[in-house]
Amino acid sequence: MNVINEMHLKFLSKSTNEGFARSVVSAFILELDPTINELADIKTAVSEAVTNSIVHGYRRSCGMIYIDAKITDSKNVIIKIRDKGVGIPDVEQAMQPLFTTAQEEERAGLGFAVMQSFMDSVKVTSKPEKGTTVTLTKQIVALR
């Protein structure tokens with residue numbers, strides 16, 4: 001698996017930047033000529049991961065969110081979304097549907113489940129007080 005293209009992005013954890021992140025990642029993968037559904041799947045998963053960083057990673061503070069994306073020669077898209085926020089003490093528990101740490105807000109606790117439903121693979125690594133990295137992988141199927 002050889003990387004044929006990659007990009008790196010860094011932005012503040014403001015909710016207004018969630019749409020920006022979606023747009024940048026979708027523009028980056030356009031060279032693979034994804035279907036509308038593939039593009040929508042990736043945009044939705046990126047949205048969920050960025051929103052998690054904003055809402056849960058930094059809570060009421062502001063910090064940086066980092067996105068690193070790669071395209072391989074086998075048409076795999078690998079997207080890492082990372083924050084240096086509060087981290088997740090129990091990743092396995094956090095990935096359970098309906099689990100949320102946002103007690104004071106209306107949150108469904110479905111972010112990781114949504115990501116898993118749209119991507120081929122979702123990997124989460126986290127350390128308390130160090131931050132969280134979500135790695136999303138999807139292969140773009142050549143239908144043309």
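**View 1. Arg-59 in the loop that follows helix H2.** Arg-59 is partly exposed in this predicted model, because its relative accessible area of 49% stays below the limit of over 50% that would make a residue exposed. The residue is found in the loop between H2 and S2, and its phi is near 45°, a positive value in a residue other than glycine. The helix that Arg-59 follows, H2, covers residues 36-57 and holds 22 residues, with a reach of 30 Å from the first C-alpha to the last, which is close to the 32 Å expected at 1.5 Å a residue.

**View 2. Lys-75 in the loop between S2 and S3.** A positive phi is also found at Lys-75, where the angle is near 65° and the residue is again other than glycine. Lys-75 is placed in the loop between S2 and S3, and with a relative accessible area of 27% it is partly exposed.

**View 3. The salt bridge between Asp-41 and Lys-138.** Side chains of opposite charge can pair when their charged atoms come close. The side chains of Asp-41 and Lys-138 meet in this way, in a salt bridge with an N to O distance of 3.4 Å. The pair links distant parts of the chain, with Asp-41 in helix H2 and Lys-138 in strand S5, 97 residues apart. Both Asp-41 and Lys-138 are buried, and the count of salt bridges comes to one.

**View 4. Asp-83, a buried acidic residue in strand S3.** Asp-83 lies in S3, the strand of residues 76-83, and is buried yet has no salt bridge. The nearest side chain of opposite charge belongs to Arg-82, 8.2 Å away, and this distance is beyond the 4 Å within which a salt bridge is counted. The side chain of Asp-83 does, however, reach the backbone nitrogen of Gly-85 at 2.9 Å. Leaving aside neighbours within four places in sequence, Asp-83 is in contact with Ser-53, Gly-57, Tyr-58 and Met-64, and also with Lys-130, Gly-131 and Thr-132.

**View 5. Glu-18 and the buried residues of helix H1.** Glu-18 is found in H1, which runs over residues 17-29, and like Asp-83 it is buried yet has no salt bridge. For Glu-18 the nearest side chain of opposite charge is that of Arg-22, at 4.1 Å, so the pair falls outside the 4 Å limit for a salt bridge. Not counting residues up to four places away in sequence, Glu-18 touches Ser-47, Val-50 and Thr-51. The buried residues of H1 are Asn-17, Glu-18, Ala-21, Val-25, Ser-26, Phe-28 and Ile-29, and they pack against S1, H2, strand S2 (64-72) and S3. An α-helix has 3.6 residues a turn, so residues three or four places apart point the same way. The end C-alpha atoms of H1 are 19 Å apart, which agrees with the 18 Å that its 13 residues should span at 1.5 Å a residue.

**View 6. The hairpin of strands S4 and S5.** Strand S4 (residues 121-127) and strand S5 (residues 131-139) run antiparallel and are joined by seven bridges, and the partner of Val-122 in S5 is Leu-136. The side chains along S4 alternate, with Val-122, Val-124 and Ser-126 pointing to one face and buried, while Ser-121, Lys-123, Thr-125 and Lys-127 point to the other and are not buried. Three residues lie between the strands of this hairpin, in which Glu-129 takes a positive phi near 65°.

**View 7. Val-3 and Ala-113, each with a partner from elsewhere in the chain.** Val-3, placed in strand S1 (residues 3-12), is partly exposed at a relative accessible area of 42%. Its C-alpha atom is separated by 4.3 Å from that of Thr-72, although the two residues are 69 residues apart along the chain. Val-3 touches Lys-70, Ile-71 and Thr-72 when residues up to four places away in sequence are not counted. Ala-113 lies in helix H4 (residues 111-118) and counts as partly exposed at 23% relative accessibility, and its C-alpha atom is separated by 9.6 Å from that of Ala-45, 68 residues apart along the chain.

**View 8. The protein chain as a whole, for orientation.** The chain has four helices and five strands, which from the N terminus on run β-α-α-β-β-α-α-β-β. Of its 144 residues, 47% count as buried, and among contacts between residues at least 6 apart in sequence, 66% join residues at least 24 apart.

Conventions:
Residues are numbered from 1 along each chain as its sequence is written. This is a predicted model: local features need pLDDT of at least 70, side-chain atom pairs count only at pLDDT 80 or more; totals for chains, interfaces and linings use all residues. Side-chain values use heavy atoms; hydrogens and water are left out. Helices (H or I, at least four residues) and strands (E, at least two) are DSSP runs, numbered from the N terminus. The expected span of a helix is 1.5 Å times one less than its number of residues. Buried means under 20% relative accessible area, exposed over 50%, partly exposed in between (1.4 Å probe, protein chains only). Lys and Arg count as positive and Asp and Glu as negative; His and the chain ends are not counted. A polar contact is a pair of N or O atoms within 3.5 Å; within protein, one must be able to donate a hydrogen and the other to accept it, and residues adjacent in sequence count only if both atoms are side-chain atoms. Contact means heavy atoms within 4.5 Å. Two strands pair if DSSP finds at least two bridges between them.
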